[in-house]
Amino acid sequence: MGERIRRFILDERRLEFPFVGLTLVALIGGMVSRRAAPGIEGVFWTAAYLFGGFYGVLDGALALHRGRLDVNLLMLLSALGAAFIGHAEEGGTLLFLFSLSNALQTLALERTRQAIRRLLNLRPPVAHRIREGGEETIPIEAIEVGDRLLVRPGERIPADGVVVAGFSAADESLLTGESIPVPKGPGDPVFEGTLNTYGALEVQVTHTTSDTMLARIIHLVEEAQAQRARTQQAIDRFEQRYAWAVLAGAALTLVLSGLWGETFDQAFYRAMTLLVVASPCALVISTPAAFLSAIAAGARRGLLFKGGMVLERLAQVRVVAMDKTGTLTENRVAVQSVRGLEGNHPDAILALAAAVEVRSEHPIARAIVEEARTRGLSFPEIREVEARPGLGVIGFTNAHRIWVGSPRLFQQEGISLPVEVRAMLEEAQQAGRTALLVYDGQWRGLIEVADRVRSEAAEAVQALRRLGIEAVMLTGDHPTVARAVAQVVGIRRFEGGLLPEEKLARIRSLAQSVGPVAMVGDGMNDAPALAAASVGIAMGKMGSDAAIETADVVLLQEDLRRVPEAIALARAAMRTVWQNLAFASGVIVLLVGLTFGLGIPLPLAVVGHEGSTLLVVLNGLRLLRWRWRSTDSGWGESRV
């Protein structure tokens, strides 16, 4: 019970707004009773101080317990000082405005946490489990790995798993930012919290509810919001020294004003006013207001930032290095062209090769069979198949043999290559494609395959260029292949044939010659380069633990356009931080000048101080509405 009360009062701060209201009522009561019943006005002032200073005392005491001096103590000292010299109503006004400002800040910053709560709300309360031909409804906490669940149209998927029956599409927008529902059928992965759209699915559970993709995202974002950026750490250290300096300045003001000829009450009042106007409330909240909002905005768009430090470093990036396989390309081999020899039709060549490759699980074989089926081709019957690992396949029919493979297969078989075949092989190599020859006693033709370039890769490279960032490709693939992909996507600087340690050396070299480097990889085989870069960005396909654990930024949706979007959001966050710091510093300088120059009253000083704090918070919260503006010619600048 005691823990629940503590959480209700401190963590959830449920009494904050009611106490603000009671403080206002007490202030009004004190002002009315001053004229109507002067003997009881002290009761109202006492109530105003108790309710208005309640959370300030608690927060200040917790800070002192940790050996820190914060702005709550400065405000409380100023209010008590005002009461000491007979200005209890002004001290009460100070506590009312200060508590109101803190309550509004709590309410405003709570919006950044609502993104996490919305993710939590994606979890359905129950699931429909299939057992022994029947169906039972269970709470999601009772789901176990291996359970078979029924998900009807319009229901949210209750656990991570694999579709074992049914066809539908899942709306994954709230996890990845992908606006188009993703088709789902047997063998496809599904994720907790995503929405099943039109068809019933039977799903076999692969993860418990505590280990789902949704749970990991929530944990990651919570950790990111708790991590402090370097700017925020520097301000926190500055706050301690600055708070002591403000106290010393107030004491010095009291002494000097007395020596200048002011009465004690006048000098003390000016010192208390200085405590208010010089307090660094707005400075302290400037950085977290912006970074927490940016992290929450990114989480809603499938961009997971691991803290404010990552946003700071990402905003400074000047070059983005990209892996090829699985990053610029889909890591999925596809048939690019079929070229016939001696008048052979491409479809006949493809059908002959597919007949031999249909039993193979090799990626190239699957690509050939898939292309043949897409074209609606029928395959001749093959009696026997002999695989030659790394070389190709030989198929046997009742009449003859069929060879499908690389030039080395034919060299090994003692079959010489005609001049025209060699010419075609050279052309394929220059284009960065893998060539497979088809031969059945006669040269039928050549099939060219290559890893498919991501459709959005060229657009992403152009978007980076518009942000003033150079895109570089670093790959272990053959330089000829690297050149072909670079030409397609518009990358001007690339290197191929790199070993992992050579990639690492190139990252360090780029950092020295150009500036901070972001490395984009698949989060699995690029770990050294991701770790060495200023910022590691993982093309983390949903459910990839390695991607989430390795990189500083995780793109839940495998879309390269998210890379410039993440950089633009980081830059927007840093612009907001510097705007806030400049504004907060300017207000402090102005109010301190007015305190000594014009002797502004304490209530007006409070309005200026608390007003600047709220404006700083609201400016940071604008990032919650941040959007990347798309134009007809490409991706434009960001706006909020």
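## Packing and pairing in a predicted model

Helices α10 and α24 lie roughly parallel to each other. The model is predicted. The axes of the two helices come within 9 Å and cross at roughly 10 degrees. Angles under 35 degrees count as roughly parallel, so this crossing qualifies. Helix α10 covers residues 264-277, and helix α24 covers residues 602-621.

Which residues make the contact between α10 and α24? From α10 come Y269, M272, T273, V276 and V277. From α24 come L602, P603, A605, V606 and H609. By class, the contact holds 8 nonpolar residues, 2 polar ones and no charged ones.

**The chain as a whole**

The chain has 640 residues, and 52% of them count as buried. Its secondary structure comes to 24 helices and 24 strands. Consider the contacts with a sequence separation of 6 or more: 68% of them join residues 24 or more positions apart. The exposed surface comes to about 28,900 Å². Carbon and sulfur atoms supply 57% of that area.

**Two open antiparallel sheets**

One open sheet has 6 strands, in the order β2-β1-β3-β9-β4-β7. Its pairing is antiparallel. Strands β2 (134-139) and β7 (189-190) sit at the edges. Each has a single partner strand, so one side of each is left without a neighbour in the sheet. For β2, the order puts β1 alongside. Strands β1 and β2 are joined by 6 bridges, and R131 stands opposite G134 in β2.

A second open sheet has 3 strands, ordered β6-β5-β8, again with antiparallel pairing. Here β6 and β8 are the edge strands. Both have a single partner strand, so each keeps one side without a neighbour in the sheet. Strand β5 connects to β6 over 3 bridges and to β8 over 2 bridges.

**A parallel set around β21**

Strand β21 spans residues 535-538 and is covered on both faces. V535 and I537 lie on one side, G536 and A538 on the other, and all of these are buried. Strand β21 also pairs in the parallel sense with β20, over 4 bridges. A further 2 bridges join β21 to β22, and this pair is parallel too. Two residues of the covered faces appear as bridge partners: A538 faces G521, and I537 faces V553 in β22.

In general, strands of a sheet pair through backbone hydrogen bonds, either parallel or antiparallel. The table collects the pairs described here.

| Strand pair | Sense | Bridges | One facing pair |
|---|---|---|---|
| β1 (residues 126-131) and β2 | antiparallel | 6 bridges | R131 and G134 |
| β5 (residues 168-171) and β6 (residues 182-184) | antiparallel | 3 bridges | S168 and K184 |
| β5 and β8 (residues 195-196) | antiparallel | 2 bridges | A170 and N196 |
| β20 (residues 517-521) and β21 | parallel | 4 bridges | G521 and A538 |
| β21 and β22 (residues 553-555) | parallel | 2 bridges | I537 and V553 |

**Two buried alanines**

A127 belongs to strand β1. With a relative accessible area of 1%, A127 is buried, because the limit for that class is under 20%. What does A127 touch beyond residues up to four places away in sequence? The answer is E136, T137, I138, I140, I143, L149 and P158. R156 is 29 residues away along the chain, and its C-alpha atom is separated from that of A127 by 9.2 Å.

A294 belongs to helix α11 (residues 281-300). Its relative accessible area is 0%, so A294 is buried. Leaving aside residues up to four places away in sequence, A294 touches F305, L311, L569, A573 and L623. A294 and M574 are 280 residues apart along the chain, yet 9.7 Å separates their C-alpha atoms.

**An exposed residue with positive phi**

Most residues other than glycine have a negative phi. E342 has a positive one, near 55 degrees. Where is E342 found? E342 is in the loop between β12 (329-340) and α14 (346-357). Is E342 buried or exposed? At 63% relative accessibility, E342 counts as exposed.

Methods:
Residues are numbered from 1 along each chain as its sequence is written. This is a predicted model: local features need pLDDT of at least 70, side-chain atom pairs count only at pLDDT 80 or more; totals for chains, interfaces and linings use all residues. Side-chain values use heavy atoms; hydrogens and water are left out. Axes are lines fitted to C-alpha atoms, for helices over the stretch in contact, and angles run from 0 to 180 degrees between N-to-C directions. Angles under 35 degrees count as roughly parallel, over 145 as roughly antiparallel, 65 to 115 as roughly perpendicular and the rest as oblique. Contact means heavy atoms within 4.5 Å. Ala, Val, Leu, Ile, Met, Phe, Trp, Tyr, Cys and Pro count as nonpolar, Asp, Glu, Lys and Arg as charged, and the others, Gly among them, as polar. Two strands pair if DSSP finds at least two bridges between them. Buried means under 20% relative accessible area, exposed over 50%, partly exposed in between (1.4 Å probe, protein chains only). Accessible areas come from the Shrake-Rupley method with a 1.4 Å probe; for residues, only the protein chains shown count as cover.
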